[in-house]
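Here is a friendly walk through one model, taken a region at a time. Keep the sequence and the 3D view open as you read.

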Amino acid sequence: MLLGIWANLTGEVSFAGLAPGYSGLYQVNVKLPDSAAYQTLDPLLEISTSTSRTSQVRLPVGGRAHQTIASWPADGNARELISGAVGRLVGNATFATGKINQAFNLNGTDSYVQATGITAISGPRTFTAWVFPKVNTGQGMPIVTGGLAFAADFLGISGTTGDCSRSGQYHLYIDHWGTACSISDLVLAPNTWSHIGVTYDGEFLRFYVNGVPERHLVYGNMYDYSVANFSLGGNGIGGGTTGVSLNGLLDEIHVFNWAMNESELAALP
């Protein structure tokens, strides 16, 4: 169920319409006082009612409502659900059975998905996806590339060559163009599905694999860019760490505008 709710100037929101004594997880939209449009407060929000049909929740601290910035379910097309913008399959990209319904099927050579749209990605954020990496040698395999040459971030899986492979193969990493790779201690198993997450709070990165967080925060930075400069499972801008195409399957790619915590990541499908 998607609930539309309103916000007052104190930062509280009220909603009505649930039976007394009911509780559950819902996706909730909030209308901020200075906005004419509803925004997503949280992907899933626990709502409970006591003796009345009205309850309250509080907006996130900092004045920025939590939003899903972009979402690609990869179910037979390259449409981004939030904006409706339809991306483009590059090379021999196809679809195959995914973790949830279908997934992008990429060959590790020339195939990826080029996103379209005008949505801006800036500040704190979280990337999540289901990934099925196949056996790979050479440079790292891209999960998501955002930005343009000399101002891009590469979220990838380490290979056998390149600066991001120094900790070994199948490690998650972020290559922030112009700085050393931020490499996770966490390893993905080839030829199986893994859920990955990377959070950025404006100063530090944290990696997750199958709900398990990195043991420590990694100091890092990320560029601002448009979804139009976003490649899924691909890298069309070069650099020395990340290959052109993921060899494997990629499903349920999501971008959020805040650094999720462990419990929030665990609540995602």
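## A strand with several partners

Strand β9 (residues 102-107) and β23 run antiparallel and are joined by 4 bridges. Please keep in mind from the start that this is a predicted model. Within this pairing, asparagine 107 has asparagine 247 of β23 as its bridge partner.

β23 (247-256) has further pairings to look at. With strand β12 (residues 125-133), β23 pairs in the antiparallel sense over 7 bridges, and valine 131 is the bridge partner of leucine 250 in β23. Strand β6 (residues 68-72) also pairs with β23 in the antiparallel sense, over 4 bridges. There, threonine 68 has phenylalanine 256 in β23 as its bridge partner. How many of the residues of β23 are buried? The count is 10 of the 10 residues, so β23 is largely enclosed by the rest of the structure.

## Serine 245, in the loop before β23

Now step back along the chain to serine 245, which is found in the loop between β22 (230-232) and β23 (247-256). Is serine 245 buried or exposed? With a relative accessible area of 4%, serine 245 falls under the 20% cut-off and therefore counts as buried.

The side chain of serine 245 has polar contacts to look for in your viewer. One of its polar atoms lies 3.0 Å from the backbone nitrogen of glycine 108. The side chain of serine 245 also reaches the backbone oxygen of serine 111, at 2.5 Å. Leaving aside neighbours within four places in sequence, the residues in contact with serine 245 are Leu106, Asn107, Gly108, Thr109, Asp110, Ser111, Met141, Pro142, Gly233 and Gly234. Asn107 in that list is also the asparagine that bridges to asparagine 247 in β23.

## The cavity and its lining

What about enclosed empty space? The structure holds 1 cavity of 30 Å³ or more, and about 30 Å³ of space lies in the largest cavity. Its lining is made up of Phe127, Val144, Gly146, Asp153, Phe154, Leu155, Ile174, Met222 and Tyr225. The elements that give two or more residues to this lining are β13 (141-148) and β14 (151-157).

Which element gives the largest share of the lining of the largest cavity? That is β14, with 3 residues. By character, the residues of the lining divide into 7 nonpolar, 1 polar and 1 charged.

## The hairpin of β15 and β16

Ile174, one of the residues lining the largest cavity, leads us to a hairpin. Strand β15 (residues 171-176) and strand β16 (residues 182-187) pair in the antiparallel sense over 3 bridges. Isoleucine 174 stands opposite serine 182 in β16.

The hairpin of β15 and β16 has 5 residues between the strands. Here glycine 178 takes a positive phi near 100°, a backbone angle you can check in the model.

## Serine 165, in the loop before β15

One more serine is worth a visit. Serine 165 has its place in the loop between β14 and β15. Is this residue buried or exposed? Serine 165 has a relative accessible area of 14%, which is under 20%, so serine 165 is buried. Apart from neighbours within four places in sequence, serine 165 is in contact with Ser158, Gly159 and Thr160.

Key
Residues are numbered from 1 along each chain as its sequence is written. This is a predicted model: local features need pLDDT of at least 70, side-chain atom pairs count only at pLDDT 80 or more; totals for chains, interfaces and linings use all residues. Side-chain values use heavy atoms; hydrogens and water are left out. Two strands pair if DSSP finds at least two bridges between them. On a 1 Å grid over the protein atoms alone, a cavity is a set of points where a 1.4 Å probe fits but cannot get out, and a pocket is an open set with protein on both sides within 12 Å along at least five of seven lines; lining residues have an atom within 4 Å of a point. Grid points are joined across faces, edges and corners, and a volume is the space filled by probe spheres set on the points. Ala, Val, Leu, Ile, Met, Phe, Trp, Tyr, Cys and Pro count as nonpolar, Asp, Glu, Lys and Arg as charged, and the others, Gly among them, as polar. Buried means under 20% relative accessible area, exposed over 50%, partly exposed in between (1.4 Å probe, protein chains only). A polar contact is a pair of N or O atoms within 3.5 Å; within protein, one must be able to donate a hydrogen and the other to accept it, and residues adjacent in sequence count only if both atoms are side-chain atoms. Contact means heavy atoms within 4.5 Å.
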